[in-house]
Amino acid sequence: MNDDNWKDYQRFKISNQDVNAYYDLVRTAFIKGVEKVSPPSKFSNAIDLGCGSGELTQELLKYADLITGVDSSPKLIQLAQQTSDPMKSNFVLSDVLDQGFFSLLNEERFDLVTAAWLHNHLLHETEQHQLLKRILDLLNPEGAFVFLIPSSAFASPRTQSFIAKLGWKQAWLEESYHCSKGVYSFSDSDWVEMNVWQPMWLADLYMKDFSVNFLDVKAISLSHRGMGDSLIEPPFDVMFGHRKESINKV
Ligand SMILES: C[S@@+](CC[C@H](N)C(=O)[O-])C[C@H]1O[C@@H](n2cnc3c(N)ncnc32)[C@H](O)[C@@H]1O
């Protein structure tokens, strides 16, 4: 996706009350996921992959002394830098799969890795494996992860009619046992390719190295009345856990 499309995405997120309500639910669920893995005291540091303009990244400051955000969009990284405290945050321009990414972070290791709506931008199975490897390299032995990912309901006709009301369009082109391939567009921006990886397929991938759990996003949505008057199956899941070395502490 090009930089201008991401600017459109930023505009879309605040375009009307219903979209606001939807992203409020997203934020609430993301934070609840972080609370599930947080120690009683704060993490020393946390990194948010595919951070966009850094809104969710900055929420992490309640749970970590220092935060880092990484994104491949120059405009969004610039926006994140402009709206954050440079003493506590570091926003880095990079593709998370790039080889040089690690040296940009001075080989730093993190207590927490988060990613919201990132996995769906990696279109090939090999890239999911690369991302997992990257996360293992980034995390301390006791490290935790929180991912916000599209749920199985994301590609359903019911979700399509709900999100059409928000001004978001999607079309599904191909289904396989672990992935729905499609395209989406918001506010008449260009069509962008996306893959909805089945959450259970991703869970299976991460289970070798991590304890893996899911939040009950349906319950959060019920108590939050998060999507305006529409109580639909939530189109996202929150998956979280710790590295297996620290599994006894989960
Ligand atoms: C849907 S946005 C989500 C932004 C943010 N996490 C949020 O929830 O507000 C996806 C973000 O992932 C970034 N992205 C996609 N593929 C990436 C990659 N390979 N490396 C780094 N960033 C990537 C995009 O630039 C975009 O900002």
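This is a short talk on how one sheet and two of its helices fit together in a predicted model.

Okay, so let's start with the sheet. It's an open one, with 7 strands and mixed pairing, and the order goes β3-β2-β1-β4-β5-β10-β9. At the edges you've got β3, residues 89–93, and β9, residues 213–214, and each of those pairs on one side only.

Now let's go to β4. That's residues 110–116, and the strand is mostly covered, with 7 of its 7 residues buried. Who are its neighbours? On one side there's β1, residues 43–49, which pairs with β4 in the parallel sense over 4 bridges. If you want a spot to click on, Ile-47 has Val-113 of β4 as its bridge partner. Then there's β5, residues 139–150, also parallel to β4, this time over 6 bridges. For that pair, look at Leu-112, which stands opposite Ala-144 in β5.

Step along once more and the sense flips. β5 and β10, residues 236–242, run antiparallel, and 7 bridges join them. A handy marker here is Ile-149, which sits opposite Asp-237 in β10.

So what packs on this sheet? Helix α2 lies across β4, β5 and β10, and its direction is at about 15° to β10. Helix α6, residues 125–138, packs on the sheet as well, touching β1, β4 and β5. Its direction makes about 140° with that of β5.

Let's stay with α2, because the cut-offs come in handy for its next partner. α2 covers residues 17–37, and its axis comes within 10 Å of the axis of α9, residues 217–224. The two cross at roughly 130°. Is that roughly antiparallel or oblique? You'd need an angle over 145 degrees to call it roughly antiparallel, and 65 to 115 would be roughly perpendicular, so α2 and α9 count as oblique to each other. As for the hand, the crossing of α2 and α9 is right-handed.

Which residues make that contact? From α2 it's Leu-25, Thr-28, Ala-29 and Lys-32. From α9 it's Val-217, Ile-220, Ser-221 and His-224. Sort the residues of this contact by type and you get 4 nonpolar, 3 polar and 1 charged.

If you open the model afterwards, I'd go in that order: start at β4, with β1 and β5 paired to it, then find α2 lying across β4, β5 and β10, and finish where α2 crosses α9. That's it from me.

Conventions. Residues are numbered from 1 along each chain as its sequence is written. This is a predicted model: local features need pLDDT of at least 70, side-chain atom pairs count only at pLDDT 80 or more; totals for chains, interfaces and linings use all residues. Axes are lines fitted to C-alpha atoms, for helices over the stretch in contact, and angles run from 0 to 180 degrees between N-to-C directions. Angles under 35 degrees count as roughly parallel, over 145 as roughly antiparallel, 65 to 115 as roughly perpendicular and the rest as oblique. A crossing is left-handed if the near helix is turned anticlockwise from the far one by less than a right angle, and right-handed if clockwise. Two residues are in contact if their C-beta atoms, placed from the backbone, lie within 7 Å. Ala, Val, Leu, Ile, Met, Phe, Trp, Tyr, Cys and Pro count as nonpolar, Asp, Glu, Lys and Arg as charged, and the others, Gly among them, as polar. A residue is buried if 20 or more other C-beta atoms lie within 10 Å of its own, exposed if 12 or fewer, and partly exposed in between; C-beta atoms are placed from the backbone. Two strands pair if DSSP finds at least two bridges between them.
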